[in-house]
Amino acid sequence: MSLYSYDKLIEETRKLAAEFRRTTGTMLPVSGEIARHDVSRHLDLELNKDHTAGFDAIGRNEREGLRIQIKSRVVGDVVKPGHRIGQLNPDGNWDLVVLSLMDHEFEPLEMYEASREDIIDAALDANSNRKKRGAISVAKFKIIGKLVWTRELGVEH
């Protein structure tokens, strides 16, 4: 049994990661776990405990049964042209991707979702090197995706 709750650990990790970035200028590789927590909480998803399954969460309500990959990017206040999301396996076991954009304090700003079909089509449109890796830019994801949550308004309908 842990001394701290999962929510408390995430909040402390968020603070530590922000301070580490301010102090060293480099990032701790924790944004993915923070995003898993934030996205599951804000969009009412059930986190998948099997990290080898190819998806991070299972949808509930309007996303019922969908296998969801969660991606994250710390962008500060503005998305720059070079910002990319992590690699996506087009043959993977997932239906939907949710991208959480965070500020420099590792707090969520916006969340976008895109379907498997839209992601694969976007990756095919990318240049050949990125296509091989299944990588697309944050800007492209925002274009093909749907805004589903904002800090100011919460869940978007």
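**Exercise 1. Which residues of α3 are buried?** Work out how they sit around the helix, then look at what faces the other way.

*Solution.* Keep in mind that this is a predicted model. Step one: pick out the buried residues of α3, which are R116, I119, A122 and A123. Step two: check how they are spread. They cover an arc of only 135° around the axis, which puts them on the same side of α3. Step three: recall the helix geometry. An α-helix has 3.6 residues a turn, so residues three or four places apart point the same way. Step four: turn to the opposite face, away from the buried side, where α3 carries the exposed residues E117, L124 and D125.

**Exercise 2. What surrounds R116, and which side chain of opposite charge is nearest to R116?**

*Solution.* Start with the location: R116 belongs to helix α3, which covers residues 116-125. Next, ask about charge pairing. R116 is buried but has no salt bridge, and D91, the nearest side chain of opposite charge, is 5.5 Å away. The cut-off for a salt bridge is 4 Å, so D91 at 5.5 Å doesn't make it. Now look for another partner: the R116 side chain reaches the backbone oxygen of G92 at 3.0 Å. Finally, list the neighbours. Leaving aside residues up to four places away in sequence, R116 touches P90, D91, G92, W94 and D95.

**Exercise 3. How far apart are the end C-alpha atoms of α1, and what span should its 19 residues have?** Then sort out the sides of this helix.

*Solution.* First the length: α1 runs over residues 6-24, and at 1.5 Å a residue its 19 residues should span 27 Å; the end C-alpha atoms are 26 Å apart, which agrees. Second, the buried set in α1 is I10, R14, A17, A18 and R21. They cover an arc of only 95° around the axis, which puts them on the same side of α1. Third, see what they meet: the buried residues of α1 pack against α2 (31-42) and β5 (108-115). Fourth, flip to the other side of α1, where K15, L16 and T23 are exposed. Last, walk off the end of the helix: α1 is followed by G25, with a positive phi near 80°.

**Exercise 4. How many salt bridges does the model hold?** Take three of them apart, and then find a network.

*Solution.* The count comes to 17 salt bridges. Side chains of opposite charge can pair when their charged atoms come close. Let's go pair by pair.

- E62 and R63: the closest N and O atoms are 3.0 Å apart. E62 counts as exposed, at 59% relative accessibility, whereas R63 counts as buried, at 6%.
- D95 and R67: the closest N and O atoms are 2.7 Å apart. This pair links distant parts of the chain, with D95 in the loop between β3 (67-74) and β4 (96-102), R67 in strand β3, and their positions 28 residues apart. Both ends are partly exposed: D95 has a relative accessible area of 23%, and R67 has 26%.
- E113 and K146: the closest N and O atoms are 3.8 Å apart. Here too distant parts of the chain are linked, E113 in strand β5 and K146 in strand β6 (residues 146-150), 33 residues apart. E113 is buried at 12% relative accessible area, while K146 is partly exposed at 49%.

For the network, trace the salt bridges that link E11, R14, D38, R41 and E107. One of these, R14, already turned up among the buried residues of α1.

Definitions and conventions: Residues are numbered from 1 along each chain as its sequence is written. This is a predicted model: local features need pLDDT of at least 70, side-chain atom pairs count only at pLDDT 80 or more; totals for chains, interfaces and linings use all residues. Side-chain values use heavy atoms; hydrogens and water are left out. Helices (H or I, at least four residues) and strands (E, at least two) are DSSP runs, numbered from the N terminus. Buried means under 20% relative accessible area, exposed over 50%, partly exposed in between (1.4 Å probe, protein chains only). Lys and Arg count as positive and Asp and Glu as negative; His and the chain ends are not counted. A polar contact is a pair of N or O atoms within 3.5 Å; within protein, one must be able to donate a hydrogen and the other to accept it, and residues adjacent in sequence count only if both atoms are side-chain atoms. Contact means heavy atoms within 4.5 Å. The expected span of a helix is 1.5 Å times one less than its number of residues. The arc is that of the directions from the helix axis to the C-beta atoms.
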